[in-house]
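Welcome, and thanks for taking a look at this one with us. Please open the sequence and the model side by side before reading on.

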Amino acid sequence: MRIGQKFTLWTVAVLTVIVTLSLWFYYRTEMSQAEERLEHIGRTTGPIIERDLNNYMMTRDQVVLEKTLRDLMSLKTIDNLWVIDKEGVIRVATDKNSLGMKLSADDRRCRRCHEKGKRGMTLPEARVFRWVQPVKNKAECHSCHLSSVKYNGVIVIDFDLGESAAHLRQDIYRGSCSSYPPACLSAS
């Protein structure tokens with residue numbers, strides 16, 4: 001192999017590594033920003049669900065709670081929602097098969113939140129961003145719940161990350177094709 005061919009080969013190899021790393025960093029940065037947006041949505045949505053749950057508990061008007069859940073699920077960004085009581089029993093769920101299921105802090109679906117002590121986190125294996133909203137035991141709750149208990153349960157909201165990742169991959173692909181069309185000819 002001549003020196004010009006070696007130089008060209010090394011140049012292509014180095015550029016390929018640089019482009020690949022750049023795209024990977026871009027992808028990670030964009031996904032991190034998507035997670036930040038979902039955390040913000042969790043911080044605003046969680047208290048709304050908690051408020052409606054408290055209203056339901058005080059009035060026993062399940063229509064209010066069900067309407068809130070239907071409205072939230074129509075957004076298509078929420079993948080799953082659970083209301084879990086302090087014993088770990090799922091009392092309200094968008095997936096009806098989950099109703100009545102008892103979870104513990106050792107359950108793989110709960111362990112990461114309990115270990116990290118964070119309210120929002122990415123669960124890559126499930127491709128969701130999970131937000132956990134504690135349901136505080138307020139003074140008006142003490143007629144049914146012991147006043148010595150700090151929380152009556154939690155609300156778990158899973159936001160779908162798969163759609164964000166798919167859009168991002170599509171944007172990267174389109175950007176690559178517009179910058180260097182020959183790379184996309186074989187993919188067409």
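Here is a short tour of the sheet, the helices that lie on it, and some side-chain contacts.

Please keep in mind that this is a predicted model. Its sheet is open and has five strands in the order E2-E1-E5-E4-E3, with antiparallel pairing. Strands E2 (90-93) and E3 (120-123) stand at the edges with a single partner strand each, so one side of each is left without a neighbour in the sheet. From one strand to the next, the twist averages 25°.

**Strand pairing**

- Let's start at the E2 edge: E2 runs antiparallel to strand E1 (residues 78-85), and three bridges join the two.
- Within that pairing, Ile 84 stands opposite Ile 90 in E2.
- At the other edge, four bridges link E3 and E4 in the antiparallel sense.
- Thr 122 has Phe 129 in E4 as its bridge partner.
- E4 also runs antiparallel to E5, and nine bridges join these two strands.
- Here Val 135 has Gly 153 in E5 as its bridge partner.
- How many of the nine residues of E4 are buried? Eight of them are, so E4 is largely enclosed by the rest of the structure.

**Helices on the sheet**

- Helix H1 spans residues 3-59.
- H1 packs on the sheet, where it touches E1, E3, strand E4 (128-136) and strand E5 (151-160).
- The direction of H1 makes about 35° with that of E4.
- Helix H2 (residues 62-73) lies across E1 and E2 and runs at about 150° to E1.

**Salt bridges**

- How many salt bridges does a search of the whole structure find? The search finds four, and three of them are described below.
- Glu 39 and Arg 43 meet through their side chains, with an N to O distance of 2.9 Å.
- Both of these residues lie in H1, four residues apart, which is about one turn of the helix.
- Glu 39 is partly exposed at 25% relative accessibility, and Arg 43 is partly exposed too, at 46%.
- Arg 51 and Asp 52 form another salt bridge, and their closest N and O atoms are 3.1 Å apart.
- Is each partner here buried, partly exposed or exposed? Asp 52 has a relative accessible area of 7%, under the 20% cut-off, so this residue counts as buried.
- Arg 51, by contrast, is partly exposed at 46% relative accessibility.
- Asp 85 and Arg 91 also meet in a salt bridge, at 2.8 Å from N to O.
- Asp 85 is buried at 16% relative accessibility, whereas Arg 91 has a value of 53%, over the 50% cut-off, and therefore counts as exposed.

**An aromatic pair**

- The count of aromatic pairs comes to one.
- Trp 24 and Phe 25 form this pair, with their ring centres 5.0 Å apart.
- Which arrangement do the two rings take? They are edge-to-face, with 70° between the planes.
- Trp 24 is partly exposed, with a relative accessible area of 48%.
- Phe 25 is partly exposed as well, with a relative accessible area of 49%.

Methods. Residues are numbered from 1 along each chain as its sequence is written. This is a predicted model: local features need pLDDT of at least 70, side-chain atom pairs count only at pLDDT 80 or more; totals for chains, interfaces and linings use all residues. Side-chain values use heavy atoms; hydrogens and water are left out. Buried means under 20% relative accessible area, exposed over 50%, partly exposed in between (1.4 Å probe, protein chains only). Two strands pair if DSSP finds at least two bridges between them. Axes are lines fitted to C-alpha atoms, for helices over the stretch in contact, and angles run from 0 to 180 degrees between N-to-C directions. Contact means heavy atoms within 4.5 Å. Rings of Phe, Tyr and Trp (its six-membered ring) pair if their centres lie within 6.5 Å; planes under 30 degrees apart count as stacked, over 60 as edge-to-face and the rest as tilted.
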